[in-house]
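Welcome to a short set of exercises on reading a protein structure. Keep the 3D view open, try each task yourself, and then compare with the worked solution.

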Amino acid sequence: MSRRAAAYSGGAWRFGGGAGLGALGLGRAASGAGGGVGARPANDAGQKPHDPRVCGQRQSFGASVQSLWLEDQQPSAGASLADGGLYQRIIAWENLVAAYEEARRGKRYTPEALAFSAHWEERLIELHEHLKWRSWQPGKPRIFTVKEPKRRDITAPPFADRIVHHALVRVVEPLFERRFIFDSYACRKGKGTHAAVHRAQQFLRRAKRNWGDGIYIIHADVKSYFASIDHGVAEQAIARVIRDPDVLWLWRQIMAGYGFDGGMGLPVGALTSQLVANVVLDRVDHTLKDSAGEPYYLRYMDDMVAICRDKAHARAVLERIADECAVLKLRLNPKSRYEPWQRGLDFCGYRIWPTHILPRKRNIRRWRRRLRKLRRGYEEGNLELDDARKMVMSCIAYYKHSDDQRGLSRLLSDVVLSRPAFYGSITGQEAIQRYRLGKPAR
């Protein structure tokens with residue numbers, strides 16, 4: 001298997017023991033003397049750096065940066081059960097650099113990302129040291145509240161911690177991904193809310209064709225899911241796939257950090273929490289799909305949907321879901337229910353029938369409020385036309401996945417963007433037309 005060395009090495013190439021990892025001065029010029037602590041690219045002149053392991057020499061702590069080998073980013077199934085290889089993949093230099101790039105994607109101009117990026121090499125080396133010696137501790141999170149679609153407290157880890165989360169998920173996610181069922185749609189590549197909505201409609205059509213008009217729909221969700229996840233249950237689910245004790249230690253550190261050291265709950269704003277949430281409920285997925293043989297079952301995070309042949313069947317399946325959740329120390333929301341298909345399925349922001357899909361009613365009301373606020377902001381001069389276009393295009397994108405184009409036309413026809421005096425006026429539909437034609441705003 002091919003190996004690639006890390007991009008930087010400590011000290012001079014002729015004197016591998018010349019510098020410790022913590023003493024690397026990446027901002028200084030590389031030196032050829034034995035006491036130099038500069039950093040030199042690994043293959044500056046096309047020559048392979050000196051490897052003390054080949055010559056039988058004892059490798060220094062500083063030169064160990066050079067020997068951070070990254071064999072393959074996608075681990076094999078055998079590697080997932082190795083005693084120590086998986087953790088080395090996570091803390092490898094190239095994986096940390098890739099995780100840093102992913103963590104700052106779309107956030108590179110935030111104060112946290114800018115402060116870290118000013119000295120990113122030194123900060124990544126410091127992060128690697130803590131991970132290597134298992135002295136890493138989660139930092140202080142930023143806690144804020146969002147009110148839409150419902151009130152929820154978000155716990156956002158600091159930027160350096162998000163790098164650790166990305167480094168962990170990059171390596172271990174493929175090991176879990178191959179075990180998930182196809183019809184799990186949350187926080188997975190190639191899935192998402194729109195794919196879940198269209199799959200649910202496909203299941204409704206198939207069930208109605210096979211079982212007739214007597215079918216029932218189950219819609220169940222877990223009460224306060226992220227806040228109710230038991231750390232012991234989560235660790236057992238993770239340990240069935242990963243046996244590396246260092247990886248399990250890192251996961252315990254993340255789960256116990258950010259104010260959740262009581263053994264219960266996960267931060268909603270952490271990348272690792274999304275993966276753990278899917279791993280925990282994977283047991284329910286396989287129970288219903290494999291053991292119970294339910295063909296029309298799908299899940300988006302903790303929202304579970306099943307199409308059943310009749311009312312008795314739906315009652316039995318809902319009880320089975322509740323029993324499996326109880327094993328995981330979870331409780332179903334009292335609003336979990338089963339009802340005839342004629343009432344439609346309220347799922348992932350849409351109302352779904354076999355023949356058509358409509359926007360959720362409260363989402364229509366929310367968009368009406370947003371557009372009224374947009375109109376007032378434009379009239380008062382607080383918003384420019386480009387900002388208005390973005391919001392209108394977002395509304396169109398939401399409606400595009402439904403069959404309610406008349407509702408969209410009515411919604412946009414009520415939006416007349418106007419300003420006093422010479423600014424003139426423009427409707428929401430005219431704004432979109434001008435956007436497509438590239439005409440300037442009046």
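**Exercise 1: Salt bridges**

How many salt bridges does the structure hold? Then work out which parts of the chain the pair Arg134 and Asp246 ties together.

*Solution.* A word before we begin: this is a predicted model.

Step 1. The count of salt bridges is 15.

Step 2. Look up Arg134 and its partner Asp246: their closest N and O atoms are 2.7 Å apart. A salt bridge requires a side-chain nitrogen of Lys or Arg within 4 Å of a carboxyl oxygen of Asp or Glu, so this pair can be called one.

Step 3. Now place both residues. Arg134 lies in the loop between α4 (120-132) and β3 (142-146), while Asp246 belongs to helix α9 (residues 245-256), so the salt bridge ties together parts that are 112 residues apart in sequence.

Step 4. Check the surroundings of Arg134: with a relative accessible area of 39%, Arg134 is partly exposed.

**Exercise 2: Two more pairs and a network**

Describe where the salt bridges Glu177–Arg188 and Arg389–Asp386 are found. Which residues are linked with Arg199 in a network of salt bridges?

*Solution.*

Step 1. Between Glu177 and Arg188, the closest N and O atoms are 2.5 Å apart. Glu177 lies in helix α5 (residues 159-177) and Arg188 in the loop between α5 and α6 (193-211), so this bridge ties together parts that are 11 residues apart in sequence.

Step 2. Compare the accessibility of the two partners. Glu177 has 26% relative accessibility and counts as partly exposed, whereas Arg188, at 11%, counts as buried.

Step 3. Turn to Arg389 and Asp386, whose closest N and O atoms are 2.7 Å apart. Both residues are in helix α13 (residues 385-400), and because they are three residues apart there, about one helical turn separates them.

Step 4. Here too, look at each partner: Arg389 is buried, with a relative accessible area of 11%, and Asp386 is partly exposed at 47%.

Step 5. Finally, the network: Arg199 is linked with Asp183 and Lys289.

**Exercise 3: Aromatic rings**

How many aromatic pairs does the structure hold? Decide whether the rings of Tyr350 and Tyr398 are stacked or edge-to-face.

*Solution.*

Step 1. There are 12 aromatic pairs.

Step 2. For Tyr350 and Tyr398, the ring centres are 4.9 Å apart and the planes meet at 25°. Planes under 30 degrees apart count as stacked, so this pair is stacked.

Step 3. Locate the rings. Tyr350 is in strand β10 (residues 350-352) and Tyr398 in helix α13, so the pair ties together parts that are 48 residues apart in sequence.

Step 4. Both tyrosines can be classed by accessibility: Tyr350 is buried at 2%, and Tyr398 is buried at 13%.

Step 5. Look for rings that group together: Tyr100, Phe116, Trp120 and Phe159 form one aromatic cluster.

Step 6. Add the charges that sit over rings. Arg309 lies over the face of Trp211, 5.5 Å from the ring centre. The charged end of Arg370 sits over the ring of Trp367, at 4.7 Å from its centre.

**Exercise 4: A sheet and its helices**

In which order do the four strands of the open sheet run, and which helices pack on it?

*Solution.*

Step 1. The strand order is β6-β7-β5-β8, with antiparallel pairing.

Step 2. Find the edges: β6 (297-300) and β8 (337-340) each pair on one side only. From one strand to the next, the twist averages 20°.

Step 3. Zoom in on one pairing. β6 and strand β7 (residues 303-308) are joined in the antiparallel sense over four bridges, and the bridge partner of Arg299 in β7 is Met304.

Step 4. Add the helices. Helix α10 (residues 271-291) packs on the sheet and touches β6 and β7, its direction making about 170° with that of β6. Helix α11 (residues 311-327) also packs on the sheet, touching β5 (216-221), β7 and β8, and its direction makes about 15° with that of β5.

Key
Residues are numbered from 1 along each chain as its sequence is written. This is a predicted model: local features need pLDDT of at least 70, side-chain atom pairs count only at pLDDT 80 or more; totals for chains, interfaces and linings use all residues. Side-chain values use heavy atoms; hydrogens and water are left out. Helices (H or I, at least four residues) and strands (E, at least two) are DSSP runs, numbered from the N terminus. Buried means under 20% relative accessible area, exposed over 50%, partly exposed in between (1.4 Å probe, protein chains only). Rings of Phe, Tyr and Trp (its six-membered ring) pair if their centres lie within 6.5 Å; planes under 30 degrees apart count as stacked, over 60 as edge-to-face and the rest as tilted. A charge sits over a ring if NZ of Lys or CZ of Arg is within 6 Å of the ring centre and within 35 degrees of the ring normal. Two strands pair if DSSP finds at least two bridges between them. Axes are lines fitted to C-alpha atoms, for helices over the stretch in contact, and angles run from 0 to 180 degrees between N-to-C directions. Contact means heavy atoms within 4.5 Å.
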